[in-house]
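Visitor: I am new to this structure. Could you show me how to read it, one feature at a time?

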Amino acid sequence: LAINVKRTKALLRDIIAAGAQLSWVGQISANLLRDEELVDLIADSGGRWIFVGMESLDPTNLAAMNKNFNKPCEYAAVLQRLARRNVYAITSFIFGLDNDKPGVAERTLRQMQEWPPGLPVFGQITPFPATPLYERLEREGRLTRPKHWLDFAPFQMAHTPLKMTREEAQAEVEYAWTNAYSPSATRRAVASMADEPAPYKISHLIARLFFRGIHFPPRNAWGWFRLLVQNRGAICQVIRESFTNWAGRASARNELKFEGGLTG
């Protein structure tokens with residue numbers, strides 16, 4: 001969305017001026033979100049979730065992907081800049097890159113605990129045909145499924161990583177999804193938003209339950225029921241806090257009316 005920042009800002013200003021705000025989701029590179037004015041315009045124009053391709057915490061991996069403009073040391077500041085405006089991030093990470101070793105998922109999740117709550121997604125690098133990556137892996141004899149696109153297998157690698165096995169890389173993805181969207185992780189995320197407006201907490205909770213389904217899709221009504229039961233703590237917490245905040249605001253409005261009546 002924001003490759004042409006000047007054009008994007010003009011578009012967002014026009015949306016705001018026309019009063020045409022609708023809740024929207026967009027994809028923007030982390031380096032462009034250093035711009036405070038751009039983030040203000042995103043929030044004011046109705047932006048609610050921004051997809052950020054962080055990919056890795058390892059600068060060596062990012063350099064190999066030609067993403068030197070991603071600076072892991074800036075990830076926390078970028079996410080905090082969005083969260084301060086009640087805009088939350090969908091962050092993507094890739095495991096099985098050439099400098100990845102077993103334990104990369106745990107290290108990534110540990111780092112994420114220092115960031116505002118978001119919706120992380122995890123995957124493995126996919127060598128598409130006719131790309132430099134595909135041609136390099138083919139030369140190196142590392143392709144294990146040379147025509148993988150003809151036999152789609154979700155979360156299955158099509159080549160051998162450099163510093164771990166395919167099975168280890170797949171285990172890292174499984175570990176990340178399991179622990180990022182566990183009931184305890186969801187409850188921690190909701191707890192960290194205790195002072196946020198109720199709509200954002202509700203939106204975040206619902207989104208987390210659905211995003212978990214990217215890797216662990218509930219197959220039927222029973223699956224959804226089990227998911228809700230497993231996350232009942234976070235659900236009850238959001239309902240309780242939302243009601244408390246609503247009751248507190250209603251009480252404050254009544255007090256103002258009463259004081260205004262006495263003054264009149």
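**A buried glutamine**

Guide: Start with one residue. Gln237 has 8% relative accessibility, so it counts as buried. The cut-off for buried is under 20%. Keep in mind that this is a predicted model.

Visitor: Where is Gln237 placed?

Guide: Gln237 sits in helix α11, residues 232-263.

Visitor: Which residues does Gln237 touch?

Guide: Leave out residues up to four places away in sequence. Gln237 then touches Arg187, Val190 and Ala191. Val190 belongs to α8, and takes part in another contact there.

**Two helices side by side**

Visitor: How do I read a pair of packed helices?

Guide: Use two values: the angle between the axes and the distance between the axes. Take α8, residues 183-191, and α9, residues 198-215. Their axes come within 10 Å and cross at roughly 160 degrees.

Visitor: Are α8 and α9 roughly parallel or roughly antiparallel?

Guide: Angles over 145 degrees count as roughly antiparallel. So α8 and α9 are roughly antiparallel to each other. The crossing of α8 past α9 is right-handed.

Visitor: Which residues of α8 and α9 meet?

Guide: From α8 come Ala185, Thr186, Ala189 and Val190. From α9 come His204, Leu205 and Arg208. By class, this contact has four nonpolar residues, two polar and one charged.

Visitor: Is there a rule for which helix residues point the same way?

Guide: An α-helix has 3.6 residues a turn, so residues three or four places apart point the same way. Keep that in mind for the next helix.

**A helix and its cover**

Visitor: Which residues in helix α4 are buried?

Guide: Helix α4 spans residues 75-83. Its buried residues are Tyr75, Val78, Leu79, Arg81, Leu82 and Ala83.

Visitor: What covers the buried residues of α4?

Guide: The cover includes two helices, α2 (36-44) and α3 (59-64). It also includes the strands β2 and β3, the latter at 88-95.

**Two positive phi values**

Visitor: What should I look for in backbone angles?

Guide: Look at the sign of phi. Most residues other than glycine have a negative phi. Glu55 has a positive one, near 70 degrees. Phe155 also has a positive phi, near 60 degrees.

Visitor: Where do Glu55 and Phe155 lie?

Guide: Glu55 is in strand β2, residues 47-55. Phe155 is in the loop between α6 (132-139) and α7 (166-180).

Visitor: Is Glu55 buried or exposed?

Guide: Glu55 is at 12% relative accessibility, so it counts as buried. Phe155 is at 27%, so it counts as partly exposed.

**A pair of positions**

Visitor: How do I relate chain separation to distance in space?

Guide: Pick two residues and compare both. Glu168 and Met65 are 103 residues apart along the chain. Their C-alpha atoms are separated by 21 Å. Glu168 lies in helix α7. At 32% relative accessibility, Glu168 counts as partly exposed.

**The whole chain**

Visitor: How many helices and strands does the chain have?

Guide: The chain has 11 helices and four strands. Its C-alpha atoms fill a box of roughly 85 × 50 × 30 Å along the principal axes.

Visitor: What about burial and surface?

Guide: Of the 264 residues, 42% count as buried. The accessible surface is about 14,500 Å², and 57% of that belongs to carbon and sulfur atoms.

Visitor: And contacts across the sequence?

Guide: Consider contacts between residues at least 6 apart in sequence. Of these, 67% join residues at least 24 apart.

Terms used: Residues are numbered from 1 along each chain as its sequence is written. This is a predicted model: local features need pLDDT of at least 70, side-chain atom pairs count only at pLDDT 80 or more; totals for chains, interfaces and linings use all residues. Side-chain values use heavy atoms; hydrogens and water are left out. Axes are lines fitted to C-alpha atoms, for helices over the stretch in contact, and angles run from 0 to 180 degrees between N-to-C directions. Angles under 35 degrees count as roughly parallel, over 145 as roughly antiparallel, 65 to 115 as roughly perpendicular and the rest as oblique. A crossing is left-handed if the near helix is turned anticlockwise from the far one by less than a right angle, and right-handed if clockwise. Contact means heavy atoms within 4.5 Å. Ala, Val, Leu, Ile, Met, Phe, Trp, Tyr, Cys and Pro count as nonpolar, Asp, Glu, Lys and Arg as charged, and the others, Gly among them, as polar. Buried means under 20% relative accessible area, exposed over 50%, partly exposed in between (1.4 Å probe, protein chains only). Accessible areas come from the Shrake-Rupley method with a 1.4 Å probe; for residues, only the protein chains shown count as cover.
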